[in-house]
Amino acid sequence: MSEASHSLPAMIEASHGTGGKMTHDLVERVFVPAFRNPRLEELGDQAVFEVPGGRLALTTDGYVVKPVRFPGGSIGDLAVNGTVNDLLMGGATPLYLSAAFILAEGLHVRLLQELVQDMAAAARRAGVEIVTGDTKVVDGRPDDAMFITTTGVGLVPPGIDWSPRRIRRGDRILLSGTAGDHGASVMAARFGIELETDIPSDTCALRDAVLRVRDIPGIRCMRDPTRGGVATTLAELSEQSGLSLTAEEIAIPMREDVRALCDVLGLDPLYVANEGKLIAVVAPETADEVLRGLQAVPETSGAAIIGEVTDDRPGYAGLRTALGALRPLDLLPVEQLPRIC
Amino acid sequence: MCLAVPGKVLEVGEDLIASVDIGGVRRRVSLDLVPEVVAGDYVLVHVGFALQRIDEAEAVRTTRLLAEMFAQDDVPPPGGPSTP
Amino acid sequence: MKFVDEYRDPAQAQRLLAAIRRRSAGPMRIMEICGGHTHAIYKSGLDQLLPEGITFLHGPGCPVCVTPALRIDQAIALAEGPGHIVATYGDMLRVPGARGSLRQAQARGADVRIVYSSLDAVDLAARFKDREVVFFGVGFETTAPANGMSILRAARLGLENFSVLGNHVLVPPVLRFLLDAPGTEIDAFIGPGHVGTVVGSQDYAFLPRDYGRPVVIAGFEPNDLLEAVLMLVRQQAEGRCALEVQYRRAVREEGSPVAREVMRQVFEVVDQEWRGIGRIPASGLGIRQEYAAYDALRRYAGELPEESPADVGEYVCGAVVQGAKSPLSCPAFGVGCTPEHPFGPGMVSSEGACAALYHYRRTSPGKEAQP
């Protein structure tokens, strides 16, 4: 590695994005060795693969997180896990990813290599290959490093049709682990507030968990509570199903230090992002079986039933507080900011 | 104005800046307003300052008084957390 | 978490609610003064569980809500100064002035940064000696000592590039103002717990003594508030009208002498404009002459606007902040003025009465909302 890298420039320059020799160098010395797979190594403008009969799932996401590295992960991890999870939330077996990089001029190549290694490792753990990609370079401000867009494709087995329209009154709501970890891990750095925590991001691919329970009948739909946290996902599912997803405050698993961080900054942890969790809505008859299946997988061992679907306030989610009162969980109009009051 | 959280003083450093643990989160906190605080004390932290030392004895006393009042009232034991 | 979990214990909450129901002798309109209490009430939903006659009026203890639009315009003007950094608590970032908010100024390129502590603003000045750093320090008596300490620390460090654009307000004068106004229908008060840790409980003795209203100074966890309501209910049942302290673990009679001394040293009492209310004499704190170098208003005099068109012709913001009117009576509520496009602080602030009511009503169609 060091022999190859000593002939790589230390920093990304505009020429790395022009498609000429420097781009080729970068691709062959940084991306290909990390992602290693036959399709990618052909370096065509596209990757071609057989499609078994059935339905394909396709998803895309842009990753712009700052800082690019944080406790428990990096933008590389998010870029793979986030897109893989989006496929899994539709019941799809994830297969292939594409990756488009927008790099800031001045980005250190060593940092790029590390982030690309993170992506490669995440892809291996998630059982997917990164088969095609693109690189562009832009003028950046000093603290911009890179933006990554990944598009993922997967295969949905026959008989799986997960959607909010399938949600029924009486269904159970499952959350696969503690809420608010990812957002809490990046919160202090995001706002430049000095706070020392041991909270790692929860970024991970949920492949083993979803594939383990996928065939259990009664799963209505799944969604990962990323931006906007658990509350936003419950609000969205309520809106899209026309029912009322109601969670019990005391049933929602949460790390004490995440709760403490939110207390200090005046944030509601239910609206804080997660990157390695899923919410599943399941018929009451099979909810316990799905729960046990999730609990048997390390990434979702903390799974719990956190609530139930009612039709009290159609289209709107609610939270039964520890006191027993019902509080609305609305979509937040804007992002939460730390407050003192 | 109102957001203050209890934290435990881990150690007091130079210039009245202490390291305080708030439920597993650590922050440097100024003891300018409560200079007599020592490591091991619990303080209320507001905007990076310790506002006041938390009086553990008072907290215990209050809990006891309330319990006595409930006993007098013959308030039945709680049925459960989600009693509507 | 110690000193937190005990006061969130649901079993204890049920005991307190049962005791309140048993002893409640009649209707009671309680004003909780502090925005943090408003937030705690909505977040726990405890207002829904109290006997029907006990209702809450939301008081003016939200420093964000009462900061005049002029102050925000001044903060924006300072942020737009070349090489300036304006450091602010997150709460103020989205409050609109006449030219939009600090957030919008930030989007246009002004260097506006959120800080958690005034000391972080002092650090910025120490680190960036070639930049003018202005700390937008707002607050009631809880925050004034912390904001004032930033000036004392900056002075000790000999910093020449740090100043404070302050908006500090005092609780007792606005309460007197409210109670002196005819037709005010408040039966009892829940007093601000964290203000109380600084100033002490005696600052509120005037409520029972001069106005015949009982007051209980409360902490901020659900069980603190329930205990405070119980204490008010007992006073009512026993025909008493007194100052009591529920938050005894943090509020001493004399408060924090050191914090009060810092306030006295750095600030002096001045007349103050309250957004949507107007001028209340001797209700604010200004920076003393000897710290003029650290007072942004004096340091940048001549560069700052002196009035704001957004401070006149307010909607009902002022009356809502005083608890005199419900947001429902405002012509703009939910129509032009929403959390996405707030006209005034009541809709921007997360504990503003307007924002809280908006979310409640939006998600509970057809249900009677508590104003």
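Start with the meeting of chains B and C: select both in this predicted model and you'll find 31 residues of chain B in contact with 41 residues of chain C.

Now keep just the chain B side and colour by secondary structure. Strand S4 (42-46), strand S5 (49-53) and helix H1 (56-73) of chain B are the elements that each give two or more residues to the side touching chain C. Which of the elements supplies the largest share? Select H1(B): six residues of that side come from this helix. Recolour by residue class, and the side of chain B that touches chain C splits into 20 nonpolar, seven polar and four charged residues.

Next, hop over to chain C and colour by pLDDT. The mean for chain C is 91, with 96% of its residues at 70 or more. Then zoom in on residues 366-371 of chain C, where the pLDDT is below 50. Leaving near neighbours in sequence aside, that stretch makes nine contacts in the model. For the complex, the predictor reports an ipTM of 0.91 and a pTM of 0.92.

Last stop, chain A on its own. Show the cartoon and you have ten helices and 13 strands to click through. Turn to the C-alpha trace, which spans about 65 × 55 × 30 Å along its principal axes. How does the radius of gyration of chain A fit with a compact globule? It is 21 Å, which agrees with the value near 20 Å for a compact globule of 341 residues. Buried residues make up 52% of chain A. Of the chain A contacts with a separation of 6 or more, 86% link residues 24 or more positions apart.

Definitions and conventions:
Residues numbered from 1 in each chain as written. Chains lettered and ligands numbered in written order. Predicted model: local features only at pLDDT ≥ 70, side-chain atom pairs only at ≥ 80, totals over all residues. Helix = DSSP H or I, 4+ residues; strand = E, 2+ residues; numbered from the N terminus. Rg over C-alpha atoms; globule rule 2.2 N^0.38 Å. Buried ≥ 20, exposed ≤ 12 C-beta atoms within 10 Å, placed from the backbone. Contact = placed C-beta atoms within 7 Å. Nonpolar A, V, L, I, M, F, W, Y, C, P; charged D, E, K, R; others polar. pLDDT = per-residue confidence, 0-100.
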